[in-house]
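Got your viewer open? Let's take a walk through this protein, one selection at a time.

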Amino acid sequence: VRQLLAYSGKGRFVIEPVNISDLIRETVRLIEASVQNAVLVLDLQASASIHADASQIQQLIMNLVINAAEAIGESDGTVTVRTRERDLAGPPEESGLQTPPAGSGLQALKPGRYVEIVVEDTGSGMDEPTRERIFDPFFTTKFTGRGLGLAAALGIVRGHKGYIEVQSEPGKGSRFSVLFPVSAEREPEPAPAKSDLQGSGTILVVDDEEIVRSSAATALQRYGYDVLTAENGRR
């Protein structure tokens with residue numbers, strides 16, 4: 001339901017300055033255990049913040065990275081996530097950007113300063129008919145799946161006045177590029193140092209999803225806690 005709301009632009013947003021590079025580092029730590037064969041490579045150069053809903057942007061990053069990992073399939077491959085800052089001095093086409101597709105709801109970017117997120121994989125790639133439908137709700141090329149991940153990604157980008165494009169060819173992998181305008185507000189306060197988050201004691205983590213349990217346990221153990229995990233009330 002949240003992904004459908006994101007696609008339709010009706011999701012609940014809590015807008016604040018968000019440092020994209022810091023958010024990507026945090027998100028990748030949460031999902032790297034679920035990426036089986038792909039090697040995750042981070043090249044995060046952007047330091048500017050955008051004005052956004054952090055949870056929505058985190059969902060966008062997760063959808064793009066997991067989609068890229070699934071495109072690699074059972075063979076070994078690489079998913080690279082990059083950030084950088086770009087200054088668009090003229091129309092998007094002068095900067096090598098595609099014209100937003102009809103019906104996408106995306107608006108052409110205005111000249112200004114942007115943060116760009118690039119998620120690139122070495123997977124099987126897509127032909128043109130597939131590329132034209134990947135953002136359609138419920139369209140999927142997988143045997144199982146709801147086809148909402150990229151549709152939600154489009155809605156999140158659209159809701160934040162951003163831009164997204166995909167470049168892909170069969171056998172040559174795929175490259176998703178997302179641009180968001182840089183926030184005019186001051187930079188957020190730096191995150192607490194690791195030493196400020198250190199603690200002690202035992203914490204019980206209960207969840208029926210193994211990836212949630214393992215991710216929470218890893219994060220808590222990193223800061224000095226002893227962790228017990230349980231799948232349910234019985235074990």
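Select helix 2 (residues 20-31) and helix 3 (residues 54-72) first: they pack at an angle of about 55°, with their axes 10 Å apart. The two helices are therefore oblique to each other. Angles under 35 degrees count as roughly parallel, over 145 as roughly antiparallel, 65 to 115 as roughly perpendicular and the rest as oblique. The axes here are lines fitted to C-alpha atoms, for helices over the stretch in contact, and the angles run from 0 to 180 degrees between N-to-C directions. Helices (H or I, at least four residues) and strands (E, at least two) are DSSP runs, numbered from the N terminus.

Before you click on, know that this is a predicted model, where local features need pLDDT of at least 70, side-chain atom pairs count only at pLDDT 80 or more, and totals for chains, interfaces and linings use all residues. Residues are numbered from 1 along each chain as its sequence is written, and side-chain values use heavy atoms, with hydrogens and water left out.

Back to our pair: which residues of helix 2 and helix 3 make the contact (heavy atoms within 4.5 Å)? On helix 2, pick Ile20, Leu23, Ile24, Glu26, Thr27, Leu30 and Ile31; on helix 3, pick Ala54, Ile57, Gln58, Ile61, Met62, Val65 and Ile66. By class, this contact has 11 nonpolar, 2 polar and 1 charged residues. For those classes, Ala, Val, Leu, Ile, Met, Phe, Trp, Tyr, Cys and Pro count as nonpolar, Asp, Glu, Lys and Arg as charged, and the others, Gly among them, as polar.

Keep helix 3 selected. Its 19 residues should span 27 Å at 1.5 Å a residue, and the end C-alpha atoms are indeed 27 Å apart. The expected span is 1.5 Å times one less than the number of residues. Buried residues in helix 3 include Gln56, Leu60, Asn63 and Ile72. Buried means under 20% relative accessible area, exposed over 50%, and partly exposed in between (1.4 Å probe, protein chains only). Right after helix 3, find Gly73, with a positive phi near 75°.

Now jump to helix 7 (residues 210-222). Its 13 residues should span 18 Å, and its end C-alpha atoms are 18 Å apart, which agrees. Which residues are buried in helix 7? Try Arg213, Ser215 and Ala217. Their cover includes helix 2, strand 8 (202-206) and strand 9 (226-230). Following helix 7 is Gly224, and its phi is positive too, near 95°.

Next, select Lys161, in the loop between helix 5 (149-159) and strand 6 (163-168). Lys161 has a positive phi of about 60° although it is not a glycine. Most residues other than glycine have a negative phi. Is Lys161 buried or exposed? Lys161 is exposed, with a relative accessible area of 58%.

For the next stop, pick Ser49 in strand 3 (residues 49-53). Ser49 is buried, with a relative accessible area of 1%. Add Glu85: the pair is 36 residues apart in sequence and 10.0 Å apart in space, C-alpha to C-alpha.

Then go to Glu128 in helix 4 (residues 128-131). Glu128 is partly exposed, at 47% relative accessible area. Ser168 lies 40 residues from Glu128 in sequence and 8.2 Å away in space, C-alpha to C-alpha.

Finally, show everything. The protein has 7 helices and 9 strands, and 40% of its 235 residues count as buried.

Key
Contact means heavy atoms within 4.5 Å.
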